[in-house]
Amino acid sequence: MRPRLVIAIDGPAASGKGTVAKKLAEHLGVPYLDTGLLYRAVARDVEARGGELEDATAAVSAAQSIDAQSLCDPGLRGPLAGDKASIIAKIPAVRAALLDYQRNFAKSSAEGAVLDGRDIGTVVCPEADIKIFVTASDEARAQRRYLEHQGRGENVAYEVVLEDLRRRDARDRDRSVAPLEAAGDALHLDTTTLDADAAFAAVLALIAAQITR
Ligand SMILES: Nc1ncnc2c1ncn2[C@@H]1O[C@H](COP(=O)(O)OP(=O)(O)OP(=O)(O)O)[C@@H](O)[C@H]1O
Ligand SMILES: Nc1ccn([C@@H]2O[C@H](COP(=O)(O)O)[C@@H](O)[C@H]2O)c(=O)n1
């Protein structure tokens, strides 16, 4: 029988962490949480109530009343929602309000769980069995986002996508609480030259090597 595994996957925007995390959860038959959706949903709810994203009181109130059912809202997808999420994600009390939800999710299944985000290996699940930090060059990540825009028929210049991505990364890296960074014991995967299948195969190999060590 396979041991219970909690797997933490972190990395910057469009590094491909969500793609590998979802595949991994399916492969292992464990629940998967895209924690970015929580921050996106808080930003959505603050604005829906007429609040400002920088208003800590409004953001904490939204974080405390987050509705798990509403995380599948397609309006949460896309870079604008991600950018708004990164503004409320800087507020320490918002992060604190979302911690229990994430930690309870990690404990919710006897088989384990896969969570992806920015601070899973460092703050949410510091005791995770496996931690993976997924990266790719800025240019490769911007190209992925650019292709997403094109797929939706949106006319956005590659240079604008690159600039937006770098601004969001900087906000996530430079914040005072739970910044985007690799845990000291994380395994590193650079997906710049890997397609999604190759990245998944590389993750499986990293995990196999760690488990059999
Ligand atoms: N290895 C890869 N090679 C090329 N494209 C990829 C790869 N992995 C994912 N993609 C594509 O890149 C885009 C971003 O991938 P994904 O959503 O997994 O990134 P992410 O790191 O979870 O981003 P975010 O934090 O913004 O949610 C998607 O369109 C996805 O299909
Ligand atoms: N664990 C996390 C996850 C996300 N964030 C913030 O939310 C933004 C959107 O995240 P996506 O993964 O959906 O792109 C992200 O830029 C972070 O600001 C976070 O702080 N911690």
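## Around ligand 1

Let's start with ligand 1: of the 17 residues around it, the ones that come nearest are Ala 13, Gly 16, Gly 18, Thr 19 and Arg 144. Three elements give two or more residues to this shell, namely helix 1 (17–28), helix 7 (138–151) and helix 9 (196–211). Helix 1 has the largest share, with three residues. Keep in mind as you look around that this is a predicted model.

What is the make-up of the shell around ligand 1 by class? It has eight polar residues, along with five nonpolar and four charged ones.

## Around ligand 2

Now for ligand 2. It has 15 residues around it, and Gly 36, Tyr 39, Ser 86, Ala 89 and Gly 117 come nearest. Here, too, helices are worth a look: helix 2 (36–48), helix 4 (79–88) and helix 8 (158–174) each supply at least two residues of the shell.

By class, the shell around ligand 2 splits evenly, with five nonpolar, five polar and five charged residues.

## Where helix 2 meets helix 4

Helix 2 and helix 4 both supply residues to the shell around ligand 2, and they also pack against each other in a contact of their own. How do their axes cross? They come within 8 Å and cross at roughly 90°, so the two helices count as roughly perpendicular to each other.

On the helix 2 side, the contact is made by Gly 36, Tyr 39, Arg 40, Val 42, Ala 43, Arg 44 and Val 46. Helix 4 brings Ala 81, Gly 82, Lys 84, Ala 85, Ile 87 and Ile 88. Sorted by class, that contact has eight nonpolar residues, two polar and three charged. Two names may look familiar: Gly 36 and Tyr 39 are part of this contact, and they are also among the residues that come nearest to ligand 2.

## A spot on helix 8

Helix 8, another contributor to the shell around ligand 2, is also the place to find Ala 170. Is Ala 170 buried or exposed? It has 12 C-beta neighbours inside 10 Å, and 12 or fewer is the cut-off for exposed, so Ala 170 counts as exposed.

Ala 170 and Leu 180 are ten residues apart in sequence, and from C-alpha to C-alpha they are 9.0 Å apart in space.

## The annotated domain

An unreviewed UniProt entry carries the annotation "domain: Cytidylate kinase", which covers residues 7–207. Over that stretch the chain is 54% helix and 11% strand. As for the two ends of residues 7–207, their C-alpha atoms are 9 Å apart.

Notes. Residues are numbered from 1 along each chain as its sequence is written. Chains are lettered from A and ligands numbered from 1 in the order in which they are written. This is a predicted model: local features need pLDDT of at least 70, side-chain atom pairs count only at pLDDT 80 or more; totals for chains, interfaces and linings use all residues. A residue is near a molecule or strand if its C-beta atom, placed from the backbone, lies within 6 Å of it. Helices (H or I, at least four residues) and strands (E, at least two) are DSSP runs, numbered from the N terminus. Ala, Val, Leu, Ile, Met, Phe, Trp, Tyr, Cys and Pro count as nonpolar, Asp, Glu, Lys and Arg as charged, and the others, Gly among them, as polar. UniProt positions are given in the numbering used here, feature names are shortened, and annotations may be inferred rather than shown by experiment. Axes are lines fitted to C-alpha atoms, for helices over the stretch in contact, and angles run from 0 to 180 degrees between N-to-C directions. Angles under 35 degrees count as roughly parallel, over 145 as roughly antiparallel, 65 to 115 as roughly perpendicular and the rest as oblique. Two residues are in contact if their C-beta atoms, placed from the backbone, lie within 7 Å. A residue is buried if 20 or more other C-beta atoms lie within 10 Å of its own, exposed if 12 or fewer, and partly exposed in between; C-beta atoms are placed from the backbone.
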